[in-house]
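Q: Please take a close look at a single helix of this model, and then relate what is seen there to the other parts of the structure.

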Amino acid sequence: MRSDRLPLVIAHRGASGYRPEHTRDAYLLAIEMGADAVEPDIVATRDGVLVIRHENEISGTTDVAAHPEFADRRTTKVIDGQRVTGWFTEDFTWAELATLRSLERLPRIRKANAAFDGQQGVLRLSDLLAVLDEAQRPVGLVAEVKHATHFDSVGLPLDELLTAELGGWARDDRLIVESFETTVLGKLRGRGVSAPVVFLVEATGSPADEVALLGNAAPTYADHLTDAGLDGLAGKVDGISVAKSILLESAELVERAHARSLRVFTWTLRAENRFLDPRFRLGGSGFGDWMSEFQLIMHSGVDGVFADQPDLAITARSSLVD
């Protein structure tokens with residue numbers, strides 16, 4: 001494989017295999033490890049501040065449940081068709097969220113990460129942009145817009161809020177914007193965000209924006225990956241980002257997408273046995289044969305990979321150079 005065709009290594013929520021995800025230390029470590037870019041998940045507060053959390057439901061990634069002053073905020077909502085119970089960013093002001101501390105989302109799997117629980121707070125998108133602007137080398141940003149249809153329904157248009165927050169980053173060639181919903185990507189383009197936009201594709205289900213519009217007639221994610229579906233995406237988005245299982249089952253997807261000038265990314269490379277394809281598990285609770293899986297994925301010709309352990313992904317990538 002030629003060095004100019006090597007995939008980008010994108011640190012998934014920072015170096016989340018080593019520090020609680022979406023914390024300042026996770027992003028700083030990813031930069032130190034040499035990641036080409038970092039990927040935050042973006043949601044909003046009640047007062048329109050963009051914050052970085054895996055989901056708008058925050059009980060698994062913060063200590064909100066330990067705050068009696070917020071006990072009455074616990075509720076059940078339907079988010080993208082799923083009933084979810086917990087605490088939601090859109091029910092808090094930024095000042096309130098700033099009192100919370102971050103927790104490891106997978107403490108049973110990543111016990112070492114849990115040792116850092118409570119040491120850092122919730123980051124705003126503006127905080128991460130400052131980290132990147134202060135980095136000693138150029139580092140890209142792959143910004144994931146989460147639950148845009150839901151946030152629209154509660155009066156928090158993420159396309160508007162994100163465009164305003166990005167400022168000069170909206171035209172920075174280090175930026176990529178991605179979402180599981182193409183509607184918000186189109187709106188961002190309409191607002192002058194010139195960055196490439198990438199459609200995230202799950203292994204099952206249908207995009208929330210299309211379900212909101214078409215109900216049961218909405219196409220599935222799988223429909224979007226047929227030849228006709230890719231034809232429809234070409235020109236509408238600049239690329240697709242698919243679940244790792246899709247790529248492992250259908251390696252020819254990369255060639256079909258590239259034939260339509262669509263870039264291809266995949267998520268998520270994780271070294272732990274339980275996250276690896278069964279072919280590469282070695283048993284036990286530690287790391288499996290991550291090198292073989294990572295190399296297999298990179299040999300498919302993907303343009304970028306999201307990795308929880310960006311240093312290991314970089315190691316796997318370096319072994320592919322002629």
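A: In this predicted model, helix α6 spans residues 158–166, and its buried residues are Leu 158, Asp 159, Leu 162, Thr 163 and Leu 166. Around the helix axis these residues cover an arc of only 125 degrees, which puts them on the same side of α6. The general geometry of the α-helix is relevant here: with 3.6 residues a turn, residues three or four places apart point the same way. Just after α6, Gly 167 adopts a positive phi of about 55 degrees.

Helix α7 can be described in the same terms. Within its residues 182–190, Thr 182, Val 184, Leu 185 and Leu 188 are buried. Viewed down the axis of α7, the buried residues fall within an arc of 160 degrees, so they line one face of the helix. Here too a glycine follows: Gly 192, just after α7, has a positive phi of about 95 degrees.

The aromatic residues come next. In the whole structure, 6 aromatic pairs are found. One involves Phe 70 and Phe 92, whose ring centres are 5.1 Å apart and whose planes meet at 80 degrees, so the pair is edge-to-face. This pair connects distant parts of the chain, 22 residues apart: Phe 70 belongs to the loop between β4 (50–52) and β5 (75–79), and Phe 92 to the loop between β6 (82–86) and α2 (94–97). Both of these phenylalanines are buried. Phe 92 has a further partner in Arg 73, which lies over the face of its ring at 5.0 Å from the ring centre. A similar arrangement involves Arg 270, placed over the face of Phe 275 at 4.9 Å from the ring centre.

A single aromatic cluster is formed by Phe 180, Phe 199, Tyr 221 and Trp 267. From this cluster the description leads to the largest pocket, since Phe 180 and Trp 267 are among the residues nearest its centre, together with Arg 13, His 54 and Glu 202. The space in this pocket amounts to about 750 Å³, and 34 residues line it. By class, 16 of the lining residues are charged, 10 are nonpolar and 8 are polar. At least two lining residues come from each of β7 (140–145), β8 (175–179), α11 (244–249) and β11 (263–269). Helix α11 gives the most to the lining, with 4 residues.

How values were computed. Residues numbered from 1 in each chain as written. Predicted model: local features only at pLDDT ≥ 70, side-chain atom pairs only at ≥ 80, totals over all residues. Heavy atoms only, no water. Buried < 20%, exposed > 50% of the residue type's maximum accessible area, 1.4 Å probe, protein only. Arc of directions from axis to C-beta. Phe/Tyr/Trp six-rings, centres within 6.5 Å; stacked < 30°, edge-to-face > 60°. Lys NZ or Arg CZ within 6 Å of the ring centre and 35° of its normal. 1 Å grid on protein atoms, 1.4 Å probe; cavity = no way out; pocket = protein on both sides within 12 Å on 5 of 7 lines; lining within 4 Å. Points joined across faces, edges and corners; volume = space filled by probe spheres on them. Nonpolar A, V, L, I, M, F, W, Y, C, P; charged D, E, K, R; others polar.
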